[in-house]
Amino acid sequence: SCTLKSTTLIQNFPYLNQFFSHIDIKHILYDNETFALTYNEGLFTLDSKHLNVTLHIFPVDKWRFNIDVDEAFLKDYALHVKGMVRSDIRQKEYSFEGNFETFGLKGRALLELKQSLLTYHLQSEKFDNKALSDFMNFLVTQIELEPIVKAWIHENIVAKEYILDNLEGKLDIDTGEYFPLEMKGHAHVQDALISFEPSVPAAHADAIGITLENDKLLFDISNPTYESKNIQKADVFIYNLLTKGTGIVVDLNTKARLDDK
């Protein structure tokens, strides 16, 4: 068992291959976390209670190095990532560009960390409602989210296909502040059923564009129908999405004749 200073440890990683071809450390104690480290011909494998990672490190100079992440698994978040990290220890600046997968959601990520401020840009491949529901059910265990928000993201709207076009924001990793008013994003879904009230049939939309801006979630609904009746206007948005006082506005208009349906 040994306790290591992280900066010294990381700074000297890239030069291990000059002295060793294989290292196997069973027990490293750092910041109350226990790690196991294996180094074999340039390949590092790090395993702990919360993280498993396999990577190659390439030195640029004394303070800068690039990391090729073959696979990293953040166990607490069921998150797999792979890609390239560029690091500057002196300036405390780091960037990552690569792929991610969590709860069946797959996509690309661009992360930049300066001091304690992390900025992120995400986009996804196509996914289904089950993957979205699995992710949302996990997310509500990690952050405070109003039930109405959770319901309208994956329960009241059930689509055949989803794509996250982009999501960007920032996070202070020291304080946990995630600046909800500055988060922006857009997604779109295809072939969606929309349930406004459980006791009546769901409406249908060919497609829905979903925009996140100014702490609002806006739904742009394409060709909505209810019981085969066309709805000429369908304005739906959630306000105070990530802050207090969350609410929803639903404005529907149709020229169809009024009947029991």
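**Exercise 1. Find which residue of E13 stands opposite Leu212, then describe how strands E12 and E13 are joined.**

*Solution.* Leu212 faces Leu217 in E13. Keep in mind that this is a predicted model. Now widen the view: E12 covers residues 203–213, and seven bridges connect this strand to E13 in an antiparallel arrangement. Finally, look at the turn. The E12–E13 hairpin leaves two residues between its strands, and Asn214 has a positive phi near 50°.

**Exercise 2. Sort the side chains of E13 by the face they point to, and say which are buried.**

*Solution.* Start by walking along E13, residues 216–222, where the side chains alternate. One face takes Leu217, Phe219 and Ile221, which are buried, meaning under 20% relative accessible area. The other face takes Lys216, Leu218, Asp220 and Ser222, which are not buried. Next, pick Leu218: its bridge partner in E16 is Phe237. That pair belongs to an antiparallel pairing of E13 with E16 (residues 233–239), made over four bridges.

**Exercise 3. Which residues does Met84 meet in E5 and in E7?**

*Solution.* Begin on the E5 side, where Asp68 stands opposite Met84 of E6. E5 (residues 64–74) and E6 (residues 79–88) are antiparallel, with nine bridges. Then turn to E7, where Glu97 is the bridge partner of Met84. Here E6 pairs with E7 (residues 93–102) over 10 bridges, again in the antiparallel sense.

To finish, check the turns. The E5–E6 hairpin has four residues between its strands, and Ala78 in the turn shows a positive phi of about 50°. The hairpin of E6 and E7 has four residues between the strands, with Lys92 at a positive phi near 55°.

Terms used:
Residues are numbered from 1 along each chain as its sequence is written. This is a predicted model: local features need pLDDT of at least 70, side-chain atom pairs count only at pLDDT 80 or more; totals for chains, interfaces and linings use all residues. Side-chain values use heavy atoms; hydrogens and water are left out. Buried means under 20% relative accessible area, exposed over 50%, partly exposed in between (1.4 Å probe, protein chains only). Two strands pair if DSSP finds at least two bridges between them.
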